[in-house]
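Here are a few exercises to work through with the model open on your screen. Try each task before you read its solution.

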Amino acid sequence: MTQYVAAIDQGTTSTRCMIFDHSGRVVSVDQKEHEQIFPKAGWVEHDPMEVWQNTRQVAAGALAKADLSTSDIAAVGITNQRETAVVWDKNTGEPVYNAIVWQDTRTDRIVNELGALGGGQERYRAKVGLPLATYFSGPKVRWILDNVEGARDRAEAGDLLFGNMDTWVLWNMTGGTDGGVHVTDPTNASRTMLMDLDTLQWDETIAADMGIPMSMLPEIRSSSEVYGQVRERGALAGVPIAGILGDQQAATFGQACLSPGEAKNTYGTGNFMLLNTGTEKVMSENGLLTTICYKIGDTAPVYALEGSIAVTGSLVQWLRDNLGMISSAAEIEEHARSVEDNGGAYFVPAFSGLFAPYWRSDARGAIVGLTRFVNKGHLARAVLEATAFQTREVLDAMNADSGVDLTALKVDGGMVVNELLMQFQADILGVPVIRPVVAETTALGAAYAAGLAVGFWKSEDDIRDNWAEDKRWEPQMDDARRDSEYANWKKAVTKTFDWVQ
Ligand code: ADP
């Protein structure tokens, strides 16, 4: 009797394998970080081979830690950092270039040139739900084909394949050059700028605009079905791979936001709020993205509105790695607790420009409001508050677009262990913030997608039943202070504009 489902979570900073039981509890985790490669200002890359090796290791590690064998696992799901683009040779399995990561801004010229063809930033929005921005995969693929010697010829000859990390991992797990399955799901495809949101198929005119041969693109299947079996001789050999969800959509699924109007916010490297809008595709008028939330087997696709924030947890990492101001991410809370408030300082981390709701690739980071009074503790607070203020901006946009005010926010991700941040978040939003018992919702969502496909979980009701509240933070700040803090933040944001032409 197989009692468990596994999930591979190929994230921005690390790759994890998590094993869940039928109640959605974690029984085992193994995790490995990979190198963040910063060749130039604004460039961020990962080595796809390192990521693939880590994937194999953590799959074996997670089984070993719980003393499980492959026959205990009913299915495996994949979730992944979205938009990060890999191009590889299907004959050798070798990537032609490092993976270009979602935060990378090198495609700003390509993006401007595409916009100049007509329509500007809104050129493709009606079809794909996204503004033209460096964030998405299509322009990254174009950059590789333009800049890697011989790549375009090889692509046109049909030798090169494109994938986001889900597709790269799946292709390798299912045999690579020996029969690897070249498939993605609509949640990932909806982040390329190449997928039509109505048909869930690649749009040939956009691909042609971007100079991307159709032969490179993976087949778009559903988020929950058997794509193939693990072909490796090692861990998980023979187990069906039965779910794919981009990490934020996986977290939405894992948080049981399965009905229209339900939303979650994930606090990781960046922050991502998704609101389930049901089978209705809501186009944003307030700087949000329209995206696929999930598509389970043959059922109709479910859509979401998304507010993406590029830099939240990675600002804490920056304080640790670039400034050496803290030695671990957790230490920031101690510094923040050493003072009463931010001392007048505001930190706008526009390191990759600003994503939602601004979509300004010309913005760069700023710390404003400094005086001799400001110390390390105040800066630590400003860093944490930046996450909360950016989230408020996204929540305001969600409320405006959907016409309904959210009355509570379900949260998850690496930063939600930070109690000071969670309290400040509730204060600045003016609504309660709720953390579930299983905060590993991303991996859990991918496991659910895979488990549903093989009948391990029977229906979405099993997922709703498994969700349980762990802790809730109620707003405590008075309205006047909330309004003045938020107004200061808004002013600080304006100081980051027009830095890059
Ligand atoms: P991802 O899936 O994007 O790789 P995670 O959900 O694992 O990210 O979250 C990791 C992020 O959370 C890191 O950017 C880290 O700086 C941040 N983080 C971890 N612990 C804390 C903490 N105690 N306080 C604030 N930030 C934290």
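**Exercise 1.** In which loop does Pro357 lie?

Start by finding the flanking elements: Pro357 sits in the loop between strand 17 (346–348) and strand 18 (366–368). Helices (H or I, at least four residues) and strands (E, at least two) are DSSP runs, numbered from the N terminus. Next, check the bond: Ala356 and Pro357 are joined by a cis peptide bond, with omega at about -5°.

Some ground rules before going on. This is a predicted model, in which local features need pLDDT of at least 70, side-chain atom pairs count only at pLDDT 80 or more, and totals for chains, interfaces and linings use all residues. Residues are numbered from 1 along each chain as its sequence is written, and side-chain values use heavy atoms, with hydrogens and water left out.

**Exercise 2.** Place Leu200 and look up its phi.

Go to the loop between helix 7 (186–189) and helix 8 (204–209), and you'll find Leu200 there. Then read off the phi: about 55°, a positive value although Leu200 is not a glycine.

**Exercise 3.** Describe what surrounds the ligand.

First, the head count: 17 residues surround the ligand (a heavy atom within 4 Å). The closest are Thr13, Thr269, Gly313, Gly414 and Asn418.

Second, sort the shell by type: 6 nonpolar, 10 polar and 1 charged. Here Ala, Val, Leu, Ile, Met, Phe, Trp, Tyr, Cys and Pro count as nonpolar, Asp, Glu, Lys and Arg as charged, and the others, Gly among them, as polar.

Third, ask where the shell comes from: helix 10 (residues 313–321) gives the largest share, 4 residues.

**Exercise 4.** Which atoms of Asn418 and the ligand lie 2.9 Å apart?

For Asn418, pair a polar side-chain atom with a nitrogen atom of the ligand. Now try the backbone: an N or O atom of Gly414 lies 2.9 Å from a ligand oxygen atom, and one of Ser314 lies 3.5 Å from an oxygen atom of the ligand. To finish, look at cover: the protein hides 82% of the 590 Å² of accessible area that the ligand has on its own (Shrake-Rupley method, 1.4 Å probe).

**Exercise 5.** Count the helices and strands, then get the box.

The protein has 16 helices and 21 strands. Along the principal axes, its C-alpha atoms fill a box of roughly 65 × 55 × 45 Å.

Notes:
A polar contact is a pair of N or O atoms within 3.5 Å; within protein, one must be able to donate a hydrogen and the other to accept it, and residues adjacent in sequence count only if both atoms are side-chain atoms.
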